[in-house]
Amino acid sequence: MTFRVLDPTPEKAPPAGQLAPRLDTLEGKTVGFISNGKEGTKGFFGHLDRLLREEHGVAKVVMRTKSNYSAPADAHIVAEIKTWDAVISGIGD
Amino acid sequence: MQLSSRTYDADNIAAVQELYHSNGWTDGLPIVPPTADAVQACLDWAMMPPDQLIGIEPVRGLAVTAEKLAINAVMAGCLPMHFPVVLTAWTAMMQDDFLMHGATASTGGCAVLVVLNGPIRLELGASGGFNALGNSDRATAVIGRAIRLCLINLMDVRPGAIDRSTLGHPGKFSYCVAEDEEDTTWLSLAEQRGIPKEASAVTVMAAGAPRQIMNEWTTKPEEILETFAAEMRANLRHYSIHPGNYALIIPKQLREHLQAAKWSKTDIATFVHERARIHRREWAEVGKGAVVRDRGDSVYPAMESPDQLLVVAAGGPAGGFGAIIPPWLGNKSHAVTMAIGACVDCEPPKK
């Protein structure tokens with residue numbers, strides 16, 4: 001007996017985000033961190049902060065923490081992103 | 001209207017199973033082949049066109065259609081009559097309050113507990129009696145499984161993909177319970193949460209595994225409920241101090257003592273809310289002294305208010321057992337109750 005069966009997946013890819021233009025250099029730039037606020041993020045972002053400023057000449061690092069680590073970033077944080085040159089978001093579990 | 005899903009031809013039932021397993025489309029157990037006839041029968045029962053949009057998952061923007069839910073429901077073993085429950089549960093899960101993405105992706109590894117209320121339980125033969133939290137009956141088994149297969153296939157909630165659970169728990173195969181409304185004097189969970197008695201409803205909760213308790217040595221409500229509250233305190237100590245929706249599953253033997261003393265679900269929730277709380281300093285007793293800091297005297301209740309407790313009458317007739325079901329992570333996800341067959345975005349009736 002043959003079966004003709006149906007695909008259980010969405011088949012269509014979800015709406016894709018678009019990559020921002022890549023930076024030529026980090027020199028003098030502002031980099032934002034979006035932390036989920038978990039314990040592991042403190043050391044990770046602290047280290048990254050030093051690395052970016054001391055070794056890559058980043059002018060300013062802005063640290064923001066989500067109010068709910070399981071939900072998307074708060075609207076006011078997302079709104080702030082446009083004032084940064086680059087953003088780094090980490091899970092930190 | 002025609003179904004729009006891609007089709008595959010398989011020579012025999014074994015080939016169907018290998019097709020679905022090899023594509024990562026199952027929970028590891030065999031599936032029922034989702035043929036067009038079987039899927040169409042589900043849609044016909046729910047009176048829905050295949051492309052009916054059930055919702056858009058808020059975080060990743062994934063659209064969920066009735067056709068895709070029906071395919072996964074058939075795979076789980078659902079008959080057409082089970083499908084409206086799956087539809088309603090998914091509609092509830094896509095409400096912002098439920099935070100589906102966080103709850104199903106989290107390392108915390110919760111499952112979606114589905115509680116059935118109202119006349120549909122009897123129509124489906126969903127049992128809230130013997131083995132209520134286990135394999136009690138066909139309806140709750142396949143409905144719970146359908147919820148998980150939909151997550152796997154529609155949201156990519158596969159272990160190691162979106163599902164980042166460290167441990168998970170057995171309820172992730174199927175976690176559905178029907179309340180025993182016939183054998184109780186209490187209001188049903190859905191009625192407690194504002195649904196008329198005549199309506200059928202589902203409640204979804206991002207839930208940890210059940211923690212079973214036993215107290216056969218008293219008939220006093222305060223003593224019975226103290227045992228439940230103690231298990232909740234244990235969860236607050238050993239797992240998480242975040243307050244949120246806890247469920248209490250109370251089988252008949254203990255329920256009868258509570259009902260004989262004229263305790264309502266609201267009375268129970270009020271008592272348990274007072275008793276299920278700990279001081280932060282207690283964390284030092286269970287190896288978590290590092291996070292007590294200078295806040296040892298702070299008090300952490302299991303629920304912010306009594307109405308966060310979901311009291312459910314279910315379980316076999318004998319045994320002084322009960323269970324608490326803890327939340328995934330407190331208030332990050334809220335339980336959602338929804339009537340089956342109700343329109344969630346229709347215009348309100350004009351007066």
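Let me start with helix 3 of chain B, residues 66-76, in what is a predicted model. The buried residues in this helix are Ala66(B), Glu67(B), Lys68(B), Leu69(B), Ala70(B), Ile71(B), Asn72(B), Ala73(B), Val74(B), Met75(B) and Ala76(B). That is 11 of its 11 residues, so the helix counts as mostly covered, with buried meaning 20 or more other C-beta atoms within 10 Å. Note that Glu67(B) and Lys68(B) are on that list.

What covers the buried residues of helix 3 of chain B? From chain B, the cover includes helix 2, strand 2 at 53-56, strand 3 at 63-65, helix 4 and helix 7. Chain A is represented as well, through its strand 1. Just after the helix comes Gly77(B), which takes a positive phi of about 105 degrees.

Next, one neighbour of that helix. Helix 4 of chain B, residues 83-93, packs with helix 3 of chain B at an angle of about 125 degrees, and the two axes are 10 Å apart. Angles of 65 to 115 degrees would count as roughly perpendicular and those over 145 as roughly antiparallel; helix 3 and helix 4 of chain B are therefore oblique to each other. Their crossing is right-handed. On the helix 3 side, the residues that meet helix 4 of chain B are Ala66(B), Leu69(B), Ala70(B) and Ala73(B). Opposite them, helix 4 of chain B supplies Phe83(B), Val86(B), Leu87(B) and Trp90(B). By class, this contact has eight nonpolar residues, no polar ones and no charged ones.

Now the contact between the chains. On the chain B side 32 residues take part, and on the chain A side 18. Which elements of chain B give two or more residues to the side that touches chain A? They are strand 1 at 7-10, helix 2 at 36-46, helix 3 and helix 7 at 138-155. So helix 3 of chain B, where I began, contributes here too. By class, that side of chain B divides into 16 nonpolar, 10 polar and six charged residues.

Strand pairing also crosses between the chains. Strand 1 of chain A, residues 3-6, pairs with strand 1 of chain B in the antiparallel sense, over four bridges. Within that pairing, Val5(A) stands opposite Tyr8(B). As a general point, strands of a sheet pair through backbone hydrogen bonds, either parallel or antiparallel.

Staying with strands, chain A has an open sheet of three strands in the order 3-2-4, with parallel pairing. The edge strands are strand 3, residues 60-65, and strand 4, residues 86-89, each pairing on one side only. From one strand to the next, the twist averages 20 degrees. Strand 2 of chain A, residues 30-35, is joined to strand 3 of chain A by six bridges. There, Ser35(A) stands opposite Thr65(A).

Last, strand 12 of chain B, residues 321-325. Is this strand mostly covered or mostly exposed? Mostly covered: four of its five residues are buried. Strand 7 of chain B, residues 211-214, pairs with strand 12 of chain B in the antiparallel sense over four bridges, and the bridge partner of Arg211(B) is Ile324(B). Strand 8 of chain B, residues 246-250, also runs antiparallel to strand 12 of chain B, with three bridges joining them. In that pairing, Ala247(B) stands opposite Ile325(B).

Definitions and conventions:
Residues numbered from 1 in each chain as written. Chains lettered and ligands numbered in written order. Predicted model: local features only at pLDDT ≥ 70, side-chain atom pairs only at ≥ 80, totals over all residues. Pairing = 2+ DSSP bridges. Axes fitted to C-alpha atoms, helices over the stretch in contact; angles between N-to-C directions. Parallel < 35°, antiparallel > 145°, perpendicular 65-115°, else oblique. Left-handed = near helix turned anticlockwise from the far one by under 90°. Contact = placed C-beta atoms within 7 Å. Nonpolar A, V, L, I, M, F, W, Y, C, P; charged D, E, K, R; others polar. Buried ≥ 20, exposed ≤ 12 C-beta atoms within 10 Å, placed from the backbone.
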